[in-house]
Amino acid sequence: MKIKEDNYMKWFRLIAFVVILLATVACLFPFLLIISASFTQNEAIIKDGYHLIPTVFSFEGYATVFRFPKQVLTAYGVTTLTTVIGTTLGLFLMTMAGYVLQRKDFKYRNFFSFMIYFTTLFGGGLVPWYILITKYLKLTDKLEVLILPGLMTPFLIILMKNFIRSAVPDEVIESAKIDGANDFTIYSRIVLQLSMPGIATVGLFLALHYWNDWFTSSLFINDTTKYQLQYYLYNVINAMSFIAQMGSGTGVSLGSDMPTESTKMAMSIIVTGPILFLYPFVQRYFVKGLTIGAVKG
Amino acid sequence: MLKKNGVLKELVTNRILFLMLLPALIFFLINSYVPMVGVYYAFTQFDFNTSLFNSKFVGLDNFKFLWQSGVLAKLTLNTVGYNVVFILFGNVLAIALAILLSELRTQWFKKLTQSIMFLPYFVSFVILSVIVYNVFNYESGFLNSTLKSFGYEPLDVYNTPWVWIFLIIIFYLWKNIGYSMVIYLASITGISDEYYEAAKIDGANIFQRIWYITVPMLKTTFVMLLLFALGSIMKGQFDLFYQLIGNNGVLYNTTDILDTYVYRSLKVTFDIGMSTAAGLYQSLFGFVLIMTVNYIIKKINDEYALF
């Protein structure tokens, strides 16, 4: 009996190993293509196409970007600003909301919870929202429009509520109240510290959303200096004119000498760079947060 | 009269809590509830220069047009169809990978592969569109370069509608599998070892252990994820579709979903009445759908219902 079981196990582990390995390679492969292309000579891309290893090695894509960094640096600035402000403000407001909604002695929490949750079930749709923001709130081309609409989502608020509920025992809140603390003090001194893992997870989700956002820019921003990073990349990839304008203002005319394909690829890597760089450090918090959420959820 | 006093009294007693919740409430009021009034546009022939109530009222004309031209039916089919495939394939694949991964013993390999599989979730969809272009474009894509080097004819993928059904599914999986896998992996580690030990003693082999212990234990997680996904069955994945398909009209028949149609009607043709009508249809249909499903689930097993 035992020997037969061991044989099955060995084969199973082998299959598991191979499948996981293939899946991992499949996930990695697309990135290798872009990286390789970014280091390939433009002519070679056009003539020989995209390969895993550069057919003709060249830095010209990166060189072009670094020669005219103004556009991409501006986009970086905008996105960093919106991400930092948006995440901080959003976290502050959402942790407060989550804390209140999990307080069992807050009588109307179910009503308000449902009010927030209902927005995921039914809505006016894209167009009325668009009209509200452009016509009535007049937020077109303003930085606020990149921050405000993304501050909170029902999913994150519910996630936060669950984190706080499981991290802060009612007794702790009770005894703090007996000691005379008001609700906000309890929140700022006790709840925030105890819920740090949850706050880290929600914060990372929020930051990731802000960093990768291109949709808000596409709808509400016409001023190219206010484009978010991903929308800037989108334009570089899709609008020939965008690339040609990279050198404008510096007195250098690029014309048709520009290594467009290599530059596009180099730009892609430069735009994604920080994510790829920070990823190893950051992913364990995501995993931990999702894990806790999944088990308790 | 007494009831009103009760509400106010409650809020005043807990006024700090209420104040802490207020920003969130105001946010959703402005961002989500106020726009609901705007569905009125769906029944008008909108002119941007006038205000909400000055537009010419045309009743159900917009809906009639959308329905009779077959647009609505096609979009609904695509939207729901893709979502169903995403949910089924995505979860089944994630469960399978999670189970396989959980049985491996080499810790560093497990951690490394899990990290790599989670990575696609973090990059933006714009990067994904670059990837797809790199692989499938006609002149220089990786696929065609490889085909040409073996002497085969290159494939014009960007002009072939039916291929994209598979491509979209594949890339959806590429992007999201790491995320789902993490959740299922977490659930698997939560399963007590005692079950497996007992099964081993009873002589169950690995396949039996997986089928009779692991899979049933994952059912709760699967249903939870399923219900969450159902809520957005009429929306969802806009980024994926728009970044991969963009404005390539050739592919609309097989790949246009409600979200992309509404977005294009807004940005490109600027037909407010029509796009609001499509958006309202989307919200209403989705709402009715989820209410129905929730009702049915409540009848079967009360625990699983969303509310």
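What pLDDT does chain B average, and what share of the residues score at least 70? I looked this up before anything else, and chain B averages 87, with 94% of the residues scoring at least 70, where pLDDT is the predictor's confidence in each residue, from 0 to 100.

I noted that this is a predicted model, in which local features need pLDDT of at least 70 and side-chain atom pairs count only at pLDDT 80 or more, while totals for chains, interfaces and linings use all residues. Residues are numbered from 1 along each chain as its sequence is written, and chains are lettered from A and ligands numbered from 1 in the order in which they are written.

For the model as a whole I wrote down ipTM 0.87 and pTM 0.88.

Next I turned to the two chains together, and found 76 residues of chain A in contact with 69 residues of chain B (contact means C-beta atoms, placed from the backbone, within 7 Å). On the side of chain A that touches chain B, helix 1 (residues 2-38) of chain A gives the largest share, 17 residues; helices (H or I, at least four residues) and strands (E, at least two) are DSSP runs, numbered from the N terminus.

I then followed one residue, Ala24(B), and listed its contacts as Leu93(A), Ala97(A), Ile116(A), Met152(A) and Ile157(A), leaving out residues up to four places away in sequence.

Last, I checked confidence along chain B, where helix 1 (residues 2-13) of chain B is lowest, at a mean of 71, and helix 2 (residues 15-37) of chain B is highest, at 93.
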